[in-house]
Amino acid sequence: MAGCPCGVDVHAHVVPEHFPRYLGSQVPSEWPSMEAAHACHRNVMISGKVYRTVSDRCWDTPQRVADLPAMGLSLQVVSPMPELLSYWMQPADAQQLLRYTNDQIAAMVDASGGSLAGLGAVPLQDMDLAIRELEYVVKTLGFPGVEVGSNINGVPIGAPALDPFFEACEAMGAAVFVHALRPAGMDRLVGPAALQQVLAYPGDVGLAAASAITSNLIVRRPRLRIAFSHGGGTLASLLPRLQQGWHVFPALQDAVREAPVEQARRLFYDTLVFDTPTLRHLADTFGSSQLLVGTDYPFNFHERKPVERIEACGFDAATMAQLVHGNAERFLGLEKKTA
């Protein structure tokens, strides 16, 4: 496995080089735009403020593809920068922006020579529009799945209101990648804004994954393939408490139809934890069959050598092959295509 650029990265992001003009009478305040920044960078402007300064690797397909071998990767699965999911917009406005973003991702995939695959985005604040865009993403664009936020305007992904969407994903064979978004707990952090990504994101992802377990999502939707960013966030630490509580509290055992640990080992998680002992712990907790390479490329806070990080864990060759590409191929439904 050493030196083999055969990894599959399921967690990498796209920001379009330009955003479209709004097709309507009054531009929503949250409608994004681009402004020039320093060399090879642009500022993503949202609500009149700089949301993030991003490099041209967010939209430059040749540069992105050229970076893959040094990271040990042969395929990178790209999804929108999470803030572009736009759940807070009016549904029709969000759908307009997301259709453009999905088409931009499709163009990057087409130009990549097989080195990129796409995860689309859907306006989950409106179930009918979300399912229609899911159909477009999967059936027209040919994407293996979609990215969704860890919450939809504060609603956890395990909420019953979202079940029709997951039913549609299961029926279409669409993989679902859950990324942290506008996390809870920001009022408890002391320090600069970057702590949202560093500390609050893992907390929100952990609660999202826990909601999938306590709502019996994977029990009700056994063919649903769903993965959680940032190693599942805090779930690995929460899981022993949830398992013990399930044994101790009758109401919890009545509500949760299968043991939390068993459910957790049917979900997927990326490897983006920046620490080898933590990665080994995730393999022990969730099973080596459930971990997928994740990098957060091309943002500054990304894993530069994801395959080397996995190699440092000392797994055997078969486990390495699972973690580096096999699990991702299964999650994405690419096993038959790559056989």
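This report walks through a predicted model of one protein chain, from its overall build down to a few single residues.

## The whole chain

Let's start with the big picture. The chain holds 13 helices and 13 strands. Its radius of gyration is 19 Å, close to the 20 Å that the globule rule gives for 339 residues, so the chain is as compact as a globular protein of that length. If you follow the C-alpha trace along its principal axes, it spans about 55 × 45 × 45 Å.

How much of the chain is buried? Buried residues account for 55% of the 339 residues. On the outside, the chain exposes about 14,200 Å², and carbon and sulfur atoms supply 53% of that area. The fold also brings together parts that lie far apart in sequence: among contacts between residues at least 6 apart, 72% join residues at least 24 apart.

## The eight-stranded sheet

Now for the sheets. As a reminder, strands of a sheet pair through backbone hydrogen bonds, either parallel or antiparallel.

One open sheet has eight strands with parallel pairing, and you can trace them in the order β1-β5-β6-β7-β10-β11-β12-β13. Which strands stand at the edges? They are β1 (7-14) and β13 (291-292), and each has a single partner strand, so one side of each is left without a neighbour in the sheet.

Helix α12 (residues 317-332) packs on this sheet. The helix touches β1, β5 (73-80), β6, β10 (175-179), β11 (226-228), β12 (268-270) and β13, and its direction makes about 65° with that of β1.

Strand β7 is a good one to look at in detail. It is mostly covered, with five of its five residues buried. With β6 (residues 116-120), strand β7 (residues 145-149) pairs in the parallel sense over two bridges, and there Leu119 sits opposite Gly145 of β7. With β10, strand β7 also runs parallel, this time joined by five bridges. On that side, Glu147 stands opposite Phe177 in β10.

## The three-stranded sheet

There is also an open sheet of three strands, in the order β2-β3-β4, and here the pairing is antiparallel. Its edge strands are β2 (33-36) and β4 (49-55), each pairing on one side only. Ignoring direction, neighbouring strands of this sheet are turned by 35° against each other on average. Strand β3 (residues 41-46) is joined to β4 by six bridges, and His41 has Ser55 as its bridge partner in β4.

## Helix α10 and what it packs on

Helix α10 (residues 276-286) has several buried residues: Thr276, Leu279, Leu282, Ala283, Thr285 and Phe286. What do they pack against? Their neighbours are α7 (235-248), α9 (260-264), β12, β13 and α11 (306-311). Just after the helix comes Gly287, which takes a positive phi of about 100°.

## Two cysteines and a proline

How many disulfides are there? The count comes to zero. Take Cys40 and Cys58: the sulfur of Cys40 has its closest cysteine sulfur in Cys58, 12 Å away, which is too far for a bond because a disulfide needs the two sulfur atoms within 2.5 Å. Seen from the other end, the closest cysteine sulfur to that of Cys58 is in Cys40, also too far for a bond.

The surroundings of these cysteines are worth comparing with those of Pro183, a residue found in the loop between β10 and α5 (195-214). The table puts their accessibility side by side.

| Residue | Relative accessible area | Class |
|---|---|---|
| Cys40 | 51% | exposed |
| Cys58 | 1% | buried |
| Pro183 | 8% | buried |

Why does Cys40 count as exposed? Its relative accessibility is 51%, and exposed means over 50%. Cys58, at 1%, and Pro183, at 8%, are buried because that class takes in everything under 20%.

Which residues are in contact with Pro183, leaving aside its neighbours within four places in sequence? The contacts are Gln196, Ala200, Tyr201 and Asp204. Pro183 also lies 8.5 Å from Gly154, C-alpha to C-alpha, although the two are 29 residues apart in sequence.

Note on methods:
Residues are numbered from 1 along each chain as its sequence is written. This is a predicted model: local features need pLDDT of at least 70, side-chain atom pairs count only at pLDDT 80 or more; totals for chains, interfaces and linings use all residues. Side-chain values use heavy atoms; hydrogens and water are left out. Two strands pair if DSSP finds at least two bridges between them. Helices (H or I, at least four residues) and strands (E, at least two) are DSSP runs, numbered from the N terminus. Axes are lines fitted to C-alpha atoms, for helices over the stretch in contact, and angles run from 0 to 180 degrees between N-to-C directions. Contact means heavy atoms within 4.5 Å. Buried means under 20% relative accessible area, exposed over 50%, partly exposed in between (1.4 Å probe, protein chains only). The radius of gyration is taken over C-alpha atoms; the globule rule is 2.2 Å times the number of residues to the power 0.38. Accessible areas come from the Shrake-Rupley method with a 1.4 Å probe; for residues, only the protein chains shown count as cover.
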